[in-house]
Structure formats: C-alpha cells, structure tokens
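Please work through the exercises below with the sequence and the model open beside you. Each task is followed by a solution that proceeds step by step.

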Amino acid sequence: MVEPHLPRPPKEIRQELEAKRRERVPGGQFVTDKFPVLTYGPTPKVDLATFRLRLFGLVEKECELTWQQLLALPKTVMTADFHCVTQWSRLENTWEGVRTEDVVKLIKLRPEVSYVMVHCYGGYSTNISLEDFLEENVLFAHRHDGKELPADHGGPLRLVIPQLYGWKSAKWVSGVEFIKDDRPGFWEERGYHMRGDPWKEERFWDELM
Ligand SMILES: Nc1nc2c(c(=O)[nH]1)N[C@H]1C(S)=C(S)[C@@H](COP(=O)(O)O)O[C@H]1N2
Ligand SMILES: [Mo]
C-alpha cells in the first residue's frame with residue numbers, strides 16, 4: 001500500500017512543536033519509545049527471600065529491611081522522564097515504590113552526612129548528594145508502567161532519580177551508605193560526572209570533554 005502523501009505542517013506549528021520538545025528534552029538527547037536495557041555486566045539474580053536493603057554508614061543505628069518490611073512502607077506512584085547519558089530519553093515512565101524520604105525516616109542520620117553511596121547486587125555503585133537523593137520524586141521502585149519491574153530493568157528493586165542521568169538510577173539496589181564526603185561510584189570512577197544533571201549536560205569529567 002502506498003502511504004498517502006501528507007503535507008508538512010506549517011512552519012509556525014513546526015517551530016512551536018520544536019520549542020515544546022526543547023523544553024521537555026535536555027540538550028543532546030533523542031526521544032525513544034523503546035525502553036533500552038543498559039547494564040554493565042550480567043543481570044544479577046536477587047532472591048526475595050534473602051533480599052535486604054541495608055542502611056548504613058554515618059547513622060546512629062544500622063538498619064536492614066527485608067522485602068516485606070520495605071513493601072509495608074507507604075507507596076508512591078510517580079511519572080517522570082528518563083535520560084540516559086548515551087543520549088536516549090524515554091518520556092512518561094510511571095514508577096511505583098517507596099520514596100527515599102520514607103525509608104530514611106526509619107533511621108537517624110549523623111549531622112555530617114552530605115552524600116550517599118548507593119550499592120547494588122552485582123557490585124555496581126553510584127554517588128548522589130543527600131539533597132538530590134531526598135528530592136520528593138526519588139523512589140525505590142518495584143513497578144514500572146503498571147507491571148512488576150523486569151529483572152533486566154533492575155527488579156526486584158531499583159532507585160529512580162529522574163532529575164539526574166540514568167546511571168544514577170541504580171538497579172538491584174542492596175544498600176545505601178550515608179557518607180560525609182563525596183566519593184566516586186562505579187561510572188564516576190571511570191570518568192562520568194560526579195553529579196550528572198542532564199539539563200546542564202554534566203556527562204563526563206571536564207578534562208574528557
Ligand atoms: N546496578 C546497575 N544499575 C544501573 C546500571 C548498571 O549497569 N548496573 N546502568 C545504569 C545506566 S547507565 C542506565 S542509563 C540505567 C538504565 O536503566 P534500564 O536498563 O532500566 O534502561 O540504569 C543504570 N543503573
Ligand atoms: Mo546510561
């Protein structure tokens with residue numbers, strides 16, 4: 001079948017659409033409807049029976065949450081765009097899980113805590129400032145777009161921090177270490193930016209750019 005030939009929309013409308021896209025999508029990003037899997041190394045197997053989310057470091061008392069304890073916390077549903085530093089963006093993801101703030105309420109942080117190191121099954125890690133980590137829309141997510149989070153996308157549990165590049169949204173989270181001074185995680189040690197704000201295109205260390 002031959003596609004009917006559609007006229008292009010008038011220039012003003014094209015410009016308006018482009019302006020809307022720029023507002024929504026950070027510089028250097030391309031929108032995809034797919035949900036690519038981006039993992040360094042194999043997908044770890046995480047058994048719910050032995051799963052623990054460990055909260056440790058500069059805290060008054062360490063805490064380990066089982067899967068049941070975690071799911072008993074208040075649930076939040078949040079919709080957000082996801083921007084990977086390899087330049088794809090996936091818009092309008094719906095995530096369901098527990099807000100980082102609701103998890104941190106369970107422990108008492110020492111006053112000097114300014115950063116967290118997020119640790120994962122499989123050995124991955126990433127550093128985030130405490131301020132970014134506790135933003136209202138940051139979740140430990142176990143569901144995506146109405147379905148159980150698939151293992152290759154971080155199931156059973158991943159962090160979702162939409163205001164930073166995707167590598168900060170650690171999959172298969174196993175723990176959060178509360179620290180005083182910032183230190184690089186897995187990709188940050190290999191040249192990625194310490195913060196990773198997509199709106200500032202904080203992709204790599206300055207000297208690599
Ligand atoms: N544990 C772990 N988490 C990870 C990664 C990884 O390799 N290991 N990759 C990161 C990167 S670079 C991105 S863009 C997102 C991709 O998430 P997705 O595979 O669900 O699309 O996961 C992030 N979290
Ligand atoms: Mo990424």
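The exercises concern a predicted model, and they take up the ligand, its pocket and two points of backbone geometry.

**Exercise 1.** Identify which residues come nearest to ligand 1, and describe the polar contacts that the ligand oxygen atoms make.

*Solution.* Begin with the shell around ligand 1, which holds 19 residues, and note that Pro36, Tyr40, His153, Arg158 and Lys171 come nearest. Next, look for pairs of N or O atoms within 3.5 Å, the cut-off for a polar contact. Tyr40 contributes through its backbone, with an N or O atom 2.7 Å from an oxygen atom of ligand 1. His153 takes part through its side chain, where an N or O atom is 2.6 Å from a ligand oxygen atom, and Arg158 places a polar side-chain atom 2.8 Å from an oxygen atom of ligand 1. Finally, consider the burial of the ligand: taken alone, ligand 1 exposes 530 Å², of which the protein buries 99%.

**Exercise 2.** Locate ligand 1 with respect to the pockets of the model, and set the makeup of its shell beside that of the pocket lining.

*Solution.* The first step is to place ligand 1, which sits in the largest pocket, a space with a volume of about 450 Å³. The second step is to examine the lining of this pocket, which comprises 29 residues, with Leu38, Thr39, Tyr40, Tyr124 and Lys171 lying nearest the centre. The third step is to sort the residues by class: the lining has 19 nonpolar, eight polar and two charged residues, while the shell around ligand 1 has 13 nonpolar, four polar and two charged residues.

**Exercise 3.** Determine whether the peptide bond from Gly155 to Pro156 is cis or trans, and find where Asp145 lies.

*Solution.* Start with omega, which is near 15 degrees for the bond from Gly155 to Pro156, a cis peptide bond; Pro156 belongs to the loop between β9 (147–148) and β10 (158–160). Then turn to Asp145, located in the loop between β8 (139–144) and β9, where phi of this non-glycine residue has a positive value near 45 degrees.

Terms used:
Residues numbered from 1 in each chain as written. Chains lettered and ligands numbered in written order. Predicted model: local features only at pLDDT ≥ 70, side-chain atom pairs only at ≥ 80, totals over all residues. Heavy atoms only, no water. Near = heavy atom within 4 Å. Polar contact = N/O pair within 3.5 Å; in protein donor to acceptor, adjacent residues only side chain to side chain. Areas by Shrake-Rupley, 256 points an atom, 1.4 Å probe, with all protein chains shown as cover. 1 Å grid on protein atoms, 1.4 Å probe; cavity = no way out; pocket = protein on both sides within 12 Å on 5 of 7 lines; lining within 4 Å. Sits in = over half its atoms within 2 Å of the grid points. Nonpolar A, V, L, I, M, F, W, Y, C, P; charged D, E, K, R; others polar. Points joined across faces, edges and corners; volume = space filled by probe spheres on them. Helix = DSSP H or I, 4+ residues; strand = E, 2+ residues; numbered from the N terminus.
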